[in-house]
Amino acid sequence: MTETTDQASTGQDSDQAQTWRDDFSRVLSPVFGSPQLDLVRGEGSYVWDAAGKQYLDLLAGIAVNALGHCHPTWVQAITEQASTLGHISNFFTSPAQIGLAEKLHDVLHLPAGSAVFFSNSGTEANEAAFKMARRAGGGGRPFIIAIEGAFHGRTMGALALTAKEAYREPFAPGVPGVVHVPYGDVDALEAAINENTAAVFIEPVQGEVGVRTHPAGYLTAVRELTTKVGALMILDEVQSGIGRTGSWFAHQDPEIGEGVVPDIITSAKGLGGGMPIGATITVGDANTKLLEAGQHGTTFGGNPLSCAAGLAVLETIEKDNLLDHVTETSEWLKTQLAKIDGIGEITGKGLLLGLELTGGASGDSATGAADAQVPDSKAVAARALEAGFIINPVAPGRVRLAPPLTITTDELTPFIEALPGLITG
Ligand SMILES: *Cc1c(COP(=O)(O)O)cnc(C)c1O
């Protein structure tokens with residue numbers, strides 16, 4: 001087989017996988033590395049590659065495919081909307097846009113004055129919140145606090161809020177004014193926050209660092225301290241919202257949110273169930289103090305097509321009682337996972353779970369889990385893929401599961417059975 005970068009070579013005679021890998025690297029950006037699969041079809045909790053192999057999707061497009069793949073209600077909503085009215089610009093509104101905003105008000109029990117701004121992604125939802133933070137208290141508050149381990153997106157504003165140095169450093173100078181405080185440390189937050197602080201950005205469940213909630217009392221302290229100095233509390237629910245943890249939004253779960261009411265909530269990922277959409281939601285009079293007409297905008301944000309998809313997602317979660325389904329499925333899943341040698345701490349909630357890999361009892365006694373070599377999460381994910389399971393090696397020694405909210409225990413059973421072997425190799 002001849003390997004060539006010659007554009008005239010179609011690669012017809014090379015094997016199928018090598019062909020699409022070559023095609024990919026010839027025409028697409030290398031920022032994501034080499035893709036793992038060439039996927040052609042999805043249905044419910046499964047996707048299929050070009051060779052016809054089936055995979056159980058335990059990542060759901062990174063917590064996006066809330067209803068699974070190609071849910072009939074979602075497909076119908078998009079098809080009908082696309083054939084009726086697809087895009088109109090924000091000089092105009094549409095029933096789908098108003099309908100989705102109303103539904104968000106509804107599930108969040110938003111007080112009068114609250115308002116939704118639609119965009120197209122999580123990072124954009126946070127960009128809008130960042131601009132609102134710059135206007136907090138009428139402007140003139142130069143500092144924003146974010147938390148170590150935080151991920152808020154990749155555009156310049158959201159990137160400044162993201163904790164990981166390696167993501168920010170190549171693009172210095174970044175947007176100024178962001179201070180990162182240590183995770184879970186109320187004293188450090190208290191020392192950092194003052195009248196120059198515009199906002200504290202925080203994920204109720206940190207996803208990208210390996211799925212973790214905050215220590216008891218931390219979100220309450222964030223709310224108290226922000227209120228005391230007149231700063232905004234901005235909850236990034238891009239990953240944790242839309243039923244993921246068994247509540248509409250994670251902070252509505254008393255165990256996670258401790259009853260706090262934020263000033264701003266950002267949403268995306270699961271909101272469109274696979275159509276791109278983001279939302280920045282101001283709570284109560286936070287809205288009237290922040291962006292005025294003309295201070296922000298978007299061409300695509302809030303288009304009828306994405307909003308129709310979002311409305312179908314929220315209505316299906318409600319109609320099919322998926323919040324309870326998530327909680328019940330999660331309880332079963334966690335019970336099964338806890339029995340597996342080689343899995344330590346299970347973090348997160350609902351169907352957003354982080355699994356600590358401890359190495360199991362391979363080559364050791366039954367008591368030796370902690371002493372066994374910790375398996376590389378990337379190697380575990382690669383073996384899982386080979387066996388037909390899509391999981392995410394979110395951090396070294398940690399795997400993230402974020403399957404469709406619709407997944408069943410029957411669908412999960414083969415994964416539970418295979419997992420011990422996938423961990424030990
Ligand atoms: C994924 C994610 C983002 C960024 O969303 P994009 O749609 O990729 O821009 C922001 N915040 C959190 C918590 C996320 O998980």
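Me: Helices (H or I, at least four residues) and strands (E, at least two) are DSSP runs, numbered from the N terminus. With that in hand, where does Pro173 lie?

Reply: Pro173 sits in the loop between helix α7 (165-168) and strand β6 (178-181). The peptide bond leading into Pro173 from Ala172 is cis, with omega near 0 degrees. Before we go on, this is a predicted model, where local features need pLDDT of at least 70, side-chain atom pairs count only at pLDDT 80 or more, and totals for chains, interfaces and linings use all residues. Residues are numbered from 1 along each chain as its sequence is written, and side-chain values use heavy atoms, with hydrogens and water left out.

Me: What makes the phi of His109 worth a mention?

Reply: Phi is near 50 degrees there, a positive value in a residue other than glycine. His109 belongs to the loop between α4 (95-108) and β4 (115-119).

Me: How do you know where the domains begin and end?

Reply: The bounds come from an automatic or database domain assignment. For this chain it gives domain 1 as 14-65 + 321-424 and domain 2 as 75-319. Taken over C-alpha atoms, the centres of the two domains are 27 Å apart.

Me: What makes residues of domain 1 and domain 2 count as being in contact?

Reply: Contact means heavy atoms within 4.5 Å. On that basis, 25 residues of domain 1 touch 26 residues of domain 2.

Me: And how is the buried area between domain 1 and domain 2 defined, and what is its value?

Reply: Buried area is the accessible area (1.4 Å probe) that two parts lose on being put together, summed over both. Here that comes to about 2,000 Å², with carbon and sulfur atoms giving 59%. On the domain 1 side, Leu323, Lys349 and Leu352 lose the most area to domain 2, together 33% of what that side buries.

Me: Why is the pair Arg400 and Glu208 called a salt bridge?

Reply: The term asks for a side-chain nitrogen of Lys or Arg within 4 Å of a carboxyl oxygen of Asp or Glu. Arg400 and Glu208 have N to O at 2.6 Å, so the pair qualifies. Three salt bridges are counted between domain 1 and domain 2.

Me: What makes Arg223 and Asp263 a pair that links distant parts of the chain?

Reply: Their closest N and O atoms are 3.0 Å apart, so they too form a salt bridge. Arg223 is in helix α9 (residues 218-229), while Asp263 is in the loop between α10 (254-257) and β11 (264-267), 40 residues apart.

Me: How do you know which residues surround the ligand?

Reply: A residue counts as near a molecule if one of its heavy atoms lies within 4 Å of it. The residues that surround the ligand include Ser121, Asn126, Phe151, Glu203, Asp236 and Lys269.

Me: Why is the approach of Lys269 to the ligand called a polar contact?

Reply: A polar contact is a pair of N or O atoms within 3.5 Å; within protein, one must be able to donate a hydrogen and the other to accept it, and residues adjacent in sequence count only if both atoms are side-chain atoms. An N or O atom in the Lys269 side chain is 2.6 Å from a ligand oxygen, so the label fits. A ligand nitrogen likewise lies 2.8 Å from an N or O atom in the side chain of Asp236, and a ligand nitrogen is 3.3 Å from a polar backbone atom of Phe151.

Me: Where does Lys269 lie in the chain?

Reply: Lys269 is in the loop between β11 and β12 (278-282). Leaving aside neighbours within four places in sequence, its contacts are Ile62, Ala63, Val64, Val238, Gln239 and Ile277.
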